[in-house]
Amino acid sequence: MLTVGVVGCGYWGPNLIRNFMNLPGADVKVCADISERRLQHMKGLYPSIEVTSDYKDIVNNPKIDAVVVSTPVSSHYEIARAALEADKHVFVEKPLTRTVKEGISLVDLAEKKKRTLMVGHTFVFTAAVNKIKELIDSGELGDIYYISTSRVNLGIFQEDINVVWDLAPHDISIMNFVLNSRPESVTAVGHSYIRPDIEDVAFVTMRYPGDKLTNIHVSWLNPSKIRKTTVVGSKKMLVYDDVSSLEKIRIYDKGVTVQPHYDTFGEFQLSYRYGDISIPRLDDAEPLKIECQHFIDCIESGDCSKSSGRDGLEVLLALDAADRSIKNKGGEVKIEYP
């Protein structure tokens with residue numbers, strides 16, 4: 001039985017507590033939050049849980065095996081580092097840290113301590129994203145040309161990070177996962193319409209090996225909640241709509257082919273293909289439950305997580321490059337991986 005302590009009982013923390021509580025291999029002993037109201041709320045839901053306003057009570061508790069960090073990103077590094085130094089396994093919500101330097105420090109420390117460091121990239125545990133990866137790996141879509149995503153809604157405006165750091169980690173982690181690769185360079189533009197110096201809308205373009213292009217539109221200023229991804233391949237195309245409850249993935253047997261031989265420009269022709277639309281069946285298991293179980297399994301087996309600290313660091317590097325590109329009016333920023 002893995003004993004777990006959760007730091008942060010605000011927006012996402014209670015979901016993590018619920019899932020770890022319901023897993024047969026874990027037991028949440030204590031949770032921490034600076035809000036007494038939130039602590040009493042958790043105590044009301046789980047009378048057996050201990051509560052504290054100081055995360056160090058969890059970190060320094062010898063009975064705690066793993067620490068889950070679900071706090072504002074500015075505090076991730078301090079809490080996660082303290083937990084690793086105390087020989088705890090650590091699960092950190094996305095993004096891993098606020099800076100690349102902090103991310104490198106945590107990854108190095110986890111490797112030195114031989115402890116599991118996992119980042120909450122929940123979408124890589126969804127049935128839809130794993131189906132997309134399966135289709136790409138099998139070659140059913142052909143060579144991937146580009147991926148385009150929209151992750152927009154009205155709010156929630158964050159105080160310590162911009163919209164890229166808030167929303168884009170989801171899409172960057174998805175793209176790295178399904179392409180089994182990482183971006184070589186980033187160009188991005190964004191603007192602060194509501195509050196100075198905190199971008200609330202941005203367009204991020206990343207170039208992957210093999211001239212694969214990806215584009216991410218993120219915004220806190222949109223009248224509709226949109227969570228849509230389009231994958232265009234040489235054989236087929238795919239649309240993933242995470243907001244849809246029944247048909248999250250549609251596969252389009254559509255494409256275009258250049259005729260292999262022509263003597264003059266007048267003979268140049270494109271062949272368009274319009275085939276069937278298929279909708280694959282997907283498992284409806286809760287992704288967060290799968291993610292929490294994966295964390296426990298990695299601790300027990302010692303295997304590397306599919307959203308490891310190093311995966312989180314690669315997302316950080318892309319976020320940092322996007323920030324630098326925005327400040328440089330959309331100039332291309334090449335990513336150097338440590």
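**Figure 1. Buried and exposed residues of helix 2 in the predicted model.** Within helix 2, the residues Arg 38, Leu 39 and Met 42 are buried. These three lie on the same side of helix 2, because they cover an arc of only 100° around its axis. An α-helix has 3.6 residues a turn, so residues three or four places apart point the same way. On the other side of helix 2, by contrast, Arg 37 and Gly 44 are exposed. The cover over the buried residues of helix 2 includes helix 1 (13–22), together with strand 2 and strand 3.

**Figure 2. The open parallel sheet and the packing of helix 2 on it.** The sheet is built from 6 strands in the order 3-2-1-4-5-6, and the pairing is parallel. Its edges are formed by strand 3 (50–52) and strand 6 (117–120), each of which pairs on one side only. On average, and with direction ignored, neighbouring strands of this sheet are turned by 20° against each other. Helix 2 (residues 36–45) packs on the sheet, where it touches both strand 2 and strand 3, and its direction makes about 175° with that of strand 3. Strand 2 (residues 26–32) pairs with strand 3 in the parallel sense over 3 bridges, and in this pairing Cys 31 of strand 2 stands opposite Val 51 in strand 3.

**Figure 3. The crossing of helix 1 and helix 8.** Two packed helices are described by the angle between their axes and the distance between the axes. For helix 1 and helix 8 (residues 287–301), the axes come within 9 Å and cross at roughly 65°, and the crossing in which helix 1 passes helix 8 is right-handed. From helix 1, the residues Asn 15, Leu 16, Asn 19 and Phe 20 take part in the contact, meeting Leu 288, Lys 289, Cys 292, Phe 295 and Ile 296 of helix 8.

**Figure 4. The surroundings of Asn 162, in the loop between strand 7 and helix 7.** Asn 162 is located in the loop that runs between strand 7 (144–154) and helix 7 (163–179). This residue counts as buried because its relative accessibility is 5%, whereas the cut-off for a buried residue is under 20% relative accessible area. The side chain of Asn 162 reaches the backbone nitrogen of Val 164 at 3.1 Å, and the backbone nitrogen of Trp 165 is likewise reached by the side chain of Asn 162, at 3.0 Å. If residues up to four places away in sequence are not counted, Asn 162 touches Ile 198, Glu 199, Trp 220 and Asp 323.

**Figure 5. Cis peptide bonds before Pro 95 and Ile 156.** The peptide bond that leads from Lys 94 to Pro 95 is cis, with omega near -15°, and Pro 95 itself lies in the loop between strand 5 (89–93) and helix 5 (100–113). A cis peptide bond is also found from Gly 155 to Ile 156, where omega is near -5°. The place of Ile 156 is in the loop between strand 7 and helix 7, and Asn 162 lies in the loop between these elements as well.

**Figure 6. Positive phi values at Asn 180 and Lys 329.** Although Asn 180 is not a glycine, its phi is positive, at about 50°. Asn 180 lies in the loop between helix 7 and strand 8 (185–191), and with a relative accessible area of 64% this residue is exposed. Lys 329, which is not a glycine either, has a positive phi of about 55°. Its position is in the loop between helix 9 (309–327) and strand 15 (333–334), and Lys 329 counts as exposed at 75% relative accessibility.

**Figure 7. Contacts of Arg 182, in the loop between helix 7 and strand 8.** Arg 182 is found in the loop that runs from helix 7 to strand 8, and with a relative accessible area of 35% this residue is partly exposed. The side chain of Arg 182 makes a polar contact with the side chain of Glu 314, at 3.1 Å. Leaving aside neighbours within four places in sequence, Arg 182 is in contact with Asn 176, Tyr 208, Pro 209, Glu 314 and Tyr 337. The C-alpha atom of Arg 182 is separated by 25 Å from that of Ile 226, a residue 44 residues apart from Arg 182 along the chain.

Conventions
Residues numbered from 1 in each chain as written. Predicted model: local features only at pLDDT ≥ 70, side-chain atom pairs only at ≥ 80, totals over all residues. Heavy atoms only, no water. Pairing = 2+ DSSP bridges. Helix = DSSP H or I, 4+ residues; strand = E, 2+ residues; numbered from the N terminus. Axes fitted to C-alpha atoms, helices over the stretch in contact; angles between N-to-C directions. Contact = heavy atoms within 4.5 Å. Buried < 20%, exposed > 50% of the residue type's maximum accessible area, 1.4 Å probe, protein only. Arc of directions from axis to C-beta. Polar contact = N/O pair within 3.5 Å; in protein donor to acceptor, adjacent residues only side chain to side chain. Left-handed = near helix turned anticlockwise from the far one by under 90°.
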